[in-house]
Amino acid sequence: MKGADNLYSGRRSVLKATGVIGATAGLGAIAGCLDDPEGDDDDDLDEIVITQGEIIENPDPNDHITGPYFNVLDPVYEPLFNVTPEFEFESRVVEEWEDTDDGAELTLRDDVVFHNGDEMTAEDVAYTFNRMIDPELGIESDQAAGLGAIDNAEALDDTTVLLEHDVAPSLAEFEYANYGRVVNQEWIEEQEQPVAGDDEEAFNGTGPYEVVEYEPDVQVVLEPFEDYWGDEATLERVVFNQDGESSGRANALETGESDIVDNIIPEDVPGVDDADGVEIREETSLRNVFLVMKSGVEPFDSTEFRQAMNYAVDNEGIISDALGGYGEAMTQPIPDGVFGHNPDLDTYEQDIEQAEELVEESGYAGEEITLYSPEGRYLNDADVAQMAADQIDQLDNVDCTFDTAPFPDISDANSAGYDDEEMPFFLIGWGVITGDSDYGLAPFFVEEAPQETLRNEEISEAILESQTIEDEDEREQQLQEINEELREEAPWVFLHSQDSVYGVREDLEWEPRTDESIYLWELDS
């Protein structure tokens with residue numbers, strides 16, 4: 001039985017030894033408080049403003065798999081577990097958890113209430129998990145990508161939930177400990193699906209903060225929830241707002257309108273560094289940025305053509321020129337520091353002649369393709385994609401154009417299937433938020449998976465087999481072999497692991513984390 005003072009060992013110690021400290025994707029976890037310039041210990045920090053490139057697409061906490069959205073919604077809906085920077089799981093809404101012959105049993109607190117006053121029960125928690133994995137319950141959740149091991153959730157009594165699974169217990173733990181922001185079943189079933197709305201009435205969580213103002217695409221304002229089960233929140237007001245331009249975010253920081261801003265592009269770094277009272281802080285994340293090539297759509301159904309795209313692109317040059325050095329070149333789908341990463345693989349080095357030869361072998365010489373990219377979602381994302389498109393366009397036998405698209409459209413394309421022709425070539429990022437390769441492999445490379453990119457029966461079966469291997473060394477070896485096979489299959493143009501670059505007030509005692517998460521309650525400590 002595991003509780004607040006009994007953290008995971010075994011597998012967890014292996015992850016710690018390899019440097020894995022991932023969790024939910026987004027900004028960074030706030031781990032301190034503002035120094036008091038007057039030296040008055042009673043004058044605590046009472047307000048903070050966090051400016052992101054985006055806030056939330058809609059208010060539904062089970063509908064998204066996007067880091068900046070989690071940052072806004074976590075203090076409102078709160079995770080079931082605390083996830084430490086060392087990737088250890090601690091009690092939160094879930095007090096104890098253990099694996100049984102039937103699956104994982106979660107024991108819940110009995111004093112948790114939703115912001116509308118309803119008591120939270122095991123039925124709500126079971127409904128939350130089933131809602132994410134069963135599209136018949138009202139949404140087709142992107143979060144299903146992280147819950148592939150969970151087959152069903154059932155309330156055994158008012159405070160006990162059974163999560164049925166048939167995978168290695170440690171893999172199931174990585175999944176359910178990273179998902180499960182609880183919703184009120186009765187309340188949700190009365191709402192539009194997914195939950196929509198343009199004011200504070202569209203939110204109903206159990207977290208320490210509740211929404212008091214909501215302007216879509218502008219800001220979300222939070223204040224403490226008086227009936228919260230845990231320690232009283234000390235921040236009187238938290239504002240998440242949105243500015244899609246790095247220069248706008250930097251200006252908000254420099255003028256004192258914001259305390260933390262994300263995704264500062266290299267061109268804006270010197271200005272922030274030179275400004276009074278603010279500074280740049282950075283951390284290499286567990287988020288890869290890459291170009292998806294859907295294998296069910298011509299010309300990307302050819303392994304040779306996909307390899308050619310990798311040889312056409314100079315990812316090291318892009319890191320240097322478009323990112324100012326803020327990134328690490330990818331060699332495989334899984335970033336360094338994640339369980340199952342293969343350290344023996346090399347990057348594709350740019351080789352225009354080899355790329356052109358592979359295009360000829362593919363039978364798609366003369367092909368015209370378009371690369372799509374969001375703008376402002378990732379560090380200099382549009383510039384990165386533009387450079388990649390220009391490099392591909394250098395090939396004598398391929399014409400590549402570039403276009404931007406709203407991130408929700410990119411996200412939809414990522415979930416549209418390996419043979420969807422509407423947008424088969426696009427830039428996107430993926431944070432391996434569980435610290436285990438399965439989260440970066442199964443969603444993309446298992447048949448019928450939510451974000452399936454590559455249809456390859458042999459690789460799909462190998463991934464599914466890896467999920468059931470309980471011996472850690474054996475499972476790690478199989479995952480590394482899968483990553484080696486995927487490098488050769490080249491389902492993506494492998495670009496880089498993105499550095500998280502923030503502008504921060506100098507007197508804010510906070511450092512970025514590789515997991516990119518914000519936890520407001522850490523400001524209260």
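Let me begin with the largest pocket, which holds about 660 Å³ of space, and I should say at once that what we are looking at is a predicted model. The lining of this pocket is made up of 34 residues, and those that lie nearest its centre are Ala 144, Ala 145, Glu 448, Ala 449 and Pro 450. If we ask which elements of secondary structure contribute, at least two lining residues each are supplied by helix 3 (122-133), strand 6 (150-157), helix 4 (169-176) and helix 13 (438-445). Helix 13 gives the most, with four residues. In chemical character, the lining of the largest pocket divides into 19 nonpolar residues, eight charged ones and seven polar ones.

From the open space I turn to the enclosed space. Over the whole structure, the search finds four cavities of 30 Å³ or more. The largest cavity holds about 150 Å³, and it is lined by 18 residues, with Ile 65, Thr 66, Arg 287, Gly 429 and Trp 430 the closest to its centre. Helix 12 (407-414) and strand 16 each bring at least two residues to the lining of this cavity, and the largest share, four residues, comes from strand 16. By character, the lining of the largest cavity splits into eight nonpolar, seven polar and three charged residues.

Strand 16 brings me to its neighbour, strand 12. Strand 16 covers residues 425-431 and pairs with strand 12 in the antiparallel sense over seven bridges; one point of contact to look at on the screen is Phe 290, whose bridge partner in strand 16 is Ile 428. Strand 12 also pairs with strand 17 (residues 492-505), again in the antiparallel sense, over twelve bridges, and here the bridge partner of Val 292 is Trp 492. Why do I describe strand 12 as largely enclosed by the rest of the structure? The reason is that twelve of its 16 residues are buried.

That strand matters for the next topic as well, the nonpolar core. The largest nonpolar core has 156 residues, and the members that touch the most others are Phe 129, Tyr 176, Met 309 and Phe 425. The largest share of this core, eight residues, is contributed by strand 12, which spans residues 278-293.

Now to the aromatic side chains. The structure holds 22 aromatic pairs. One of them joins Phe 300 and Phe 305 in an edge-to-face arrangement, with 5.8 Å centre to centre and 70° between the planes, and both of these phenylalanines are buried. Another edge-to-face pair is formed by Tyr 311 and Tyr 348, with 5.0 Å centre to centre and 80° between the planes. This second pair links distant parts of the chain, since Tyr 311 sits in helix 8 (residues 303-312) whereas Tyr 348 sits in the loop between strand 13 (327-329) and helix 10 (352-362), 37 residues apart.

Are these two tyrosines buried or exposed? With buried taken as under 20% relative accessible area, Tyr 311 qualifies, because its value is 17%, and Tyr 348 qualifies too, because its relative accessibility is 5%. For Tyr 311 this fits into the setting of helix 8, which is mostly covered, with eight of its ten residues buried. Those buried residues are Phe 305, Arg 306, Gln 307, Ala 308, Met 309, Asn 310, Tyr 311 and Ala 312.

Tyr 311 and Tyr 348 also belong to one aromatic cluster, together with Tyr 179, Phe 290, Trp 430, Tyr 439, Phe 444, Phe 445, Trp 492 and Phe 494. Several of these names have come up already: Phe 290 was the bridge partner of Ile 428, Trp 492 was the bridge partner of Val 292, and Trp 430 was among the residues closest to the centre of the largest cavity.

I will finish with another set of paired strands, built around strand 10. Strand 1 (residues 47-52) and strand 10 (residues 237-242) pair in the parallel sense over six bridges, and within that pairing Glu 47 has Arg 237 as its bridge partner. Strand 9 (residues 219-224) pairs with strand 10 as well, but in the antiparallel sense and over four bridges, with Val 239 in strand 10 as the bridge partner of Val 221.

Definitions and conventions:
Residues numbered from 1 in each chain as written. Heavy atoms only, no water. Core = buried A, V, L, I, M, F, W, Y, C linked by side-chain atoms within 4.5 Å. Buried < 20%, exposed > 50% of the residue type's maximum accessible area, 1.4 Å probe, protein only. 1 Å grid on protein atoms, 1.4 Å probe; cavity = no way out; pocket = protein on both sides within 12 Å on 5 of 7 lines; lining within 4 Å. Points joined across faces, edges and corners; volume = space filled by probe spheres on them. Nonpolar A, V, L, I, M, F, W, Y, C, P; charged D, E, K, R; others polar. Pairing = 2+ DSSP bridges. Phe/Tyr/Trp six-rings, centres within 6.5 Å; stacked < 30°, edge-to-face > 60°.
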